[in-house]
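Q: Please take a close look at one part of this structure and connect it with the elements that surround it. I would like one continuous account, with the cut-offs behind each term.

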Amino acid sequence: METRSSSGSTSESVTMVIHNAVIVTMDSESRVFQNGAVVIDKDKIKAIGQSPDILQQFSPLADQILDLHGQIVLPGFVNTHVHTSQQLGRGIADDVDLMTWLHHRIWPYESNMTDEDSYISTLLCGIELIHSGVTCFAEAGGQHVSGMARAVELLGLRACLTESIMDSGEGLPVSWGVRTTDECIQSQKKLYEKHHNTADGRIRIWLGIRQVMNSTDRLLLETRDTARELKTGIHMHVAEIPYENQVVMDTRKVDHGTVTFLDKIDFLQNNLLAAHTVWVNDTEIGFLSRAGVKVSHCPASAMRMLGFARIREMLNAGISVSLGTDGAPSNNRMSIVDEMYLASLINKGREVYKRGTTDRTALPAETVLKMVTVNGAKSVLWDNEIGSLEIGKKVRLFWFLLADMVVINPFSWSMVPVHDCISNLVYCMRTENIVSVMCNGQWIMRDKKILNVDEEEVISLAKRASSKLLRRAGIEIPSRMTIL
Ligand SMILES: [Zn+2]
């Protein structure tokens, strides 16, 4: 038997039909199917529409038909700033100042990490990401990218992996040894050759710049040119604290901070994912917008360490702003669901500083949902294949988006009653409401069970690896209370 799918192509069978679901497509028309269905063929979305129509057309051809009984289906969430190799360091730097955080906790932790630690850390981090509905993430730049890649391949996630890159700076750990500019670029080219487009195309290698204060001008420019040559992205921490802007003004002779300097040297491009980007003025927002730079907003981490980012202004300027969790020592929770809730509240609350009163319309629910789907996909330069549930269309050309999706059970105490599905997803949904996650057409979590690794085994491995790592690094976490 042969049928014609909604894309106009033909096929003889399909892998799965999911039906009787509320489908929030996040497509350009913001369509929501109240009784919708999705057809998946191998790793791609073959068709989408009303359940009766889809069932009539595809049920005779489907290997599997799944009734979701009114549960919600969304595109998989994209977390655009994650430090996977820091997961074993959760809780090592709570309630300490930034310098203690960096010099006495994070750098010793990172400089004593092994490839196996990075693998275990990424497994633990990935489990938490999947539980919060993430199918794709952007690594912010860490140690032992090969360990990360092994874990991502096993978990079944999609990721843009990045090495932590620095070729200069004060007070760097001796054990790292500061690498030369050439070593930095060569190391990343090797990683690109080894891992780019591996794991059925789920892993991409990006270039990294840890931050401007640890980069020579030559490293910045060679990174820009290498990214262009390899057709990949750059992930960089940008304008995190006022001190950074001051150092840039003093050493690079510009009249404002990092973004002004990066614009001056022609570093700003549309393949740059700028993390945090808290301390920027109106002119700099204009620079970012004109260059098509993407911004990753990490609400929890910003509140802990950086300050209020100017997210509403950046969105108004047309910048693609997405959401990230940052690393476990900066946030502790690696749930993008929590970040959605925080993003809306923090940016509403921030209006108090601007107008003396909150503004309930700042960052509405549909904007926040876009940030974790469509904008997330744009930020990782993957929006031609992920970020929405639809059949792709170009003039006279059809292509299929990849089947990355999340199934949400809204029938629990935390989400009932559901008067407005979009609001509930942002203001009520908890990580616990996420029941199943599919990446690249494969379930990686079903009924809250992680499928590709043994969760309990990873937890016990992580506990052991973390204790050993902290001992090697000489990190002691003083007790807050008197232990009797
Ligand atoms: Zn970061």
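A: Cys-160 is buried, with a relative accessible area of 1%. Here, buried means under 20% relative accessible area, exposed means over 50%, and partly exposed lies in between, with a 1.4 Å probe and protein chains only. The model is predicted, so local features need pLDDT of at least 70 and side-chain atom pairs count only at pLDDT 80 or more, while totals for chains, interfaces and linings use all residues. Residues are numbered from 1 along each chain as its sequence is written, and side-chain values use heavy atoms, with hydrogens and water left out.

The cysteine sulfur closest to that of Cys-160 belongs to Cys-136, and at 5.3 Å it is too far for a bond. A disulfide is taken as a pair of cysteine sulfur atoms within 2.5 Å, and the structure holds zero of them. Cys-421 is likewise without a partner, because the closest cysteine sulfur, in Cys-428, is 11 Å away. Cys-421 is also buried, with a relative accessible area of 18%.

The surroundings include helix α4 (residues 145–155), whose buried residues are Val-145, Gly-147, Met-148, Ala-149, Ala-151, Val-152 and Leu-155. Helices (H or I, at least four residues) and strands (E, at least two) are DSSP runs numbered from the N terminus. Among the elements that cover the buried residues of α4 are the helices α3 (115–131) and α5 (181–195), together with the strands β9 (134–139), β10 (158–162), β11 and β20 (442–446); contact here means heavy atoms within 4.5 Å. Gly-156 follows α4 and has a positive phi, near 90°.

Three of these covering strands, β9, β10 and β11, also take part in an open sheet of eight strands, ordered β8-β9-β10-β11-β12-β13-β14-β15 with parallel pairing. Its edge strands, β8 (77–82) and β15 (321–323), each pair on one side only. From one strand to the next, the twist averages 25°. Two strands count as paired if DSSP finds at least two bridges between them.

Within this sheet, β11 (residues 203–209) and β12 (residues 234–238) run parallel and are joined by three bridges. Leu-207 has Ile-234 in β12 as its bridge partner. Helix α6 (residues 217–230) lies across both strands and runs at about 160° to β11. Such angles run from 0 to 180 degrees between N-to-C directions, with axes as lines fitted to C-alpha atoms, for helices over the stretch in contact.

There is also a zinc ion, whose protein donors are His-81 (NE2), His-83 (NE2), His-237 (NE2) and Asp-326 (OD), lying 2.1 to 2.7 Å from it. Donors are N, O and S atoms within 2.8 Å of the metal (3.2 Å for Na, K and Ca), and sites may look incomplete because water is not among the atoms. Along the chain, the zinc donors follow the spacing H-x1-H-x153-H-x88-D. Both His-81 and His-83 are buried.

The angles at the zinc ion span 84 to 172°, which makes the arrangement of its four donor atoms irregular. Four donors count as tetrahedral if all angles lie between 85 and 135 degrees; four count as square planar and six as octahedral if opposite donors are over 155 degrees apart and all others between 65 and 115; anything else is irregular.
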